[in-house]
Amino acid sequence: MQRSLSLGISPCPNDTYIFEALVHGRIGTGGLTFDTCLEDVETLNAKAGRGEYDVVKISVAAAVRFLDKYALLPCGGALGRGCGPLLVARPGVRLEDIADAAVAIPGRLTTAHLLLELTGLHHGPRPVLRYDEVIPAVAEGKVAAGVVIHEGRFTYEAHGLRKLLDLGEWWERDTGLPIPLGAIAVRRSLGPDVARQVTEAIRASLTHARLHPEDAWPWITAHAQELSPEVIRAHIEMFVTDFSLDLRKEGKAAVTRLLEAAARVERSPLREPSF
């Protein structure tokens, strides 16, 4: 029997790479079909808070707010080493200069924002911009610095900016764990059987992408903010890791550690995330 689920993912190359085969019917999904919408990560976080999707990509930092409605899956997310958000600024700006200055962030609920908060290095205003608007705002001097994610890791230097701090490296040094950026969540009310079906479908979709990368390329490039093939490939290589196929023990430990940190910041209890 067919069952349709609403699916929300980002237009970033790692998501479109992982989900292309699932979205376009290239794999078996156990009778599931997906009504898919592509939106930026902070929009997805907000809609997850309102329970608008059956299956949704969310920031791991935001998940602490939604674990009453959603369970996290052990696959499909973005987690790894050397792939964390970057704090960038114009030349001549030092890390100590921005302690009380305006720093643009790609969303209040993003893992990037949580990491900035956890460093304790910034106490000033944090205007929220869509992730692809952060670099222009910094380059134009509208803010003193900005936290960049996604393709921004590969393009900020071309805009004349320099790195002040690699927030992912900071996390890895502090915890010894990889940095968990995004996760796939499924509505708890759908039950464990549907969650298992979705997990199997995502893994099959990623496996198909690795075996037949040419299938996904048109859809990836149609939605990528940065159209350079080199940047798109580098993005996929950086953010789609073996943890995207299976979190395993280390990945689950990393996600749990970040959720615990988010719960402390939010001053809220932490519900069991599932996996």
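A helix here is a DSSP run of H or I that is at least four residues long, and helices are numbered from the N terminus. Keep that in mind as you work through this predicted model.

**Exercise 1. Work out how covered helix α4 is, and find what follows it.**

Step 1. Find the helix: α4 spans residues 111–119.

Step 2. Sort its residues. Buried means under 20% relative accessible area, and seven of the nine residues in α4 are buried. They are Thr 111, Ala 112, His 113, Leu 114, Leu 115, Leu 116 and Thr 119.

Step 3. Step off the end of the helix. You land on Gly 120, which has a positive phi, near 75°.

**Exercise 2. Decide whether Lys 57 and Ser 59 are buried or exposed, and list what they touch.**

Step 1. Start with the record. An unreviewed UniProt entry puts the feature "binding site" at Lys 57, Ile 58, Ser 59, Thr 111 and Ala 112. Lys 57, Ile 58, Ser 59, Thr 111 and Ala 112 are also included in the lining of the largest cavity.

Step 2. Place the two residues. Lys 57 is in strand β3, residues 55–59, and Ser 59 lies in β3 too.

Step 3. Check the accessible area. Lys 57 has a relative value of 7%, so it counts as buried. Ser 59 comes out at 4%, so it is buried as well.

Step 4. Look for contacts, skipping neighbours up to four places away in sequence. Lys 57 is in contact with residues including Asn 14, Asp 15 and Leu 44. Ser 59 touches, among others, Thr 110, Thr 111 and Gly 182. Thr 111 is a residue you've already met, on the buried list of α4.

**Exercise 3. Describe the surroundings of His 150, the residue listed as "active site".**

Step 1. Note where the label comes from: UniProt lists His 150 in an unreviewed entry.

Step 2. Find its place. His 150 sits in the loop between β8 and α6.

Step 3. Compare with the cut-off. Its relative accessibility is 16%, so His 150 counts as buried.

Step 4. Collect its contacts beyond four places in sequence: Cys 12, Val 41, Tyr 131, His 235 and Phe 239. Val 41 also turns up among the contacts of Ser 59.

**Exercise 4. Say what surrounds Val 148 and how far its C-alpha atom is from that of Ser 6.**

Step 1. Val 148 belongs to strand β8, residues 145–148.

Step 2. Its relative accessible area is 1%, so Val 148 is buried.

Step 3. Leaving out residues up to four places away, Val 148 touches Pro 85, Leu 86, Val 88, Val 134, Ile 135 and Arg 153.

Step 4. Ser 6 is 142 residues away along the chain, and the two C-alpha atoms are separated by 28 Å.

Note on methods:
Residues numbered from 1 in each chain as written. Predicted model: local features only at pLDDT ≥ 70, side-chain atom pairs only at ≥ 80, totals over all residues. Heavy atoms only, no water. Buried < 20%, exposed > 50% of the residue type's maximum accessible area, 1.4 Å probe, protein only. Helix = DSSP H or I, 4+ residues; strand = E, 2+ residues; numbered from the N terminus. Contact = heavy atoms within 4.5 Å. UniProt positions renumbered as here; feature names shortened; annotations may be inferred. 1 Å grid on protein atoms, 1.4 Å probe; cavity = no way out; pocket = protein on both sides within 12 Å on 5 of 7 lines; lining within 4 Å.
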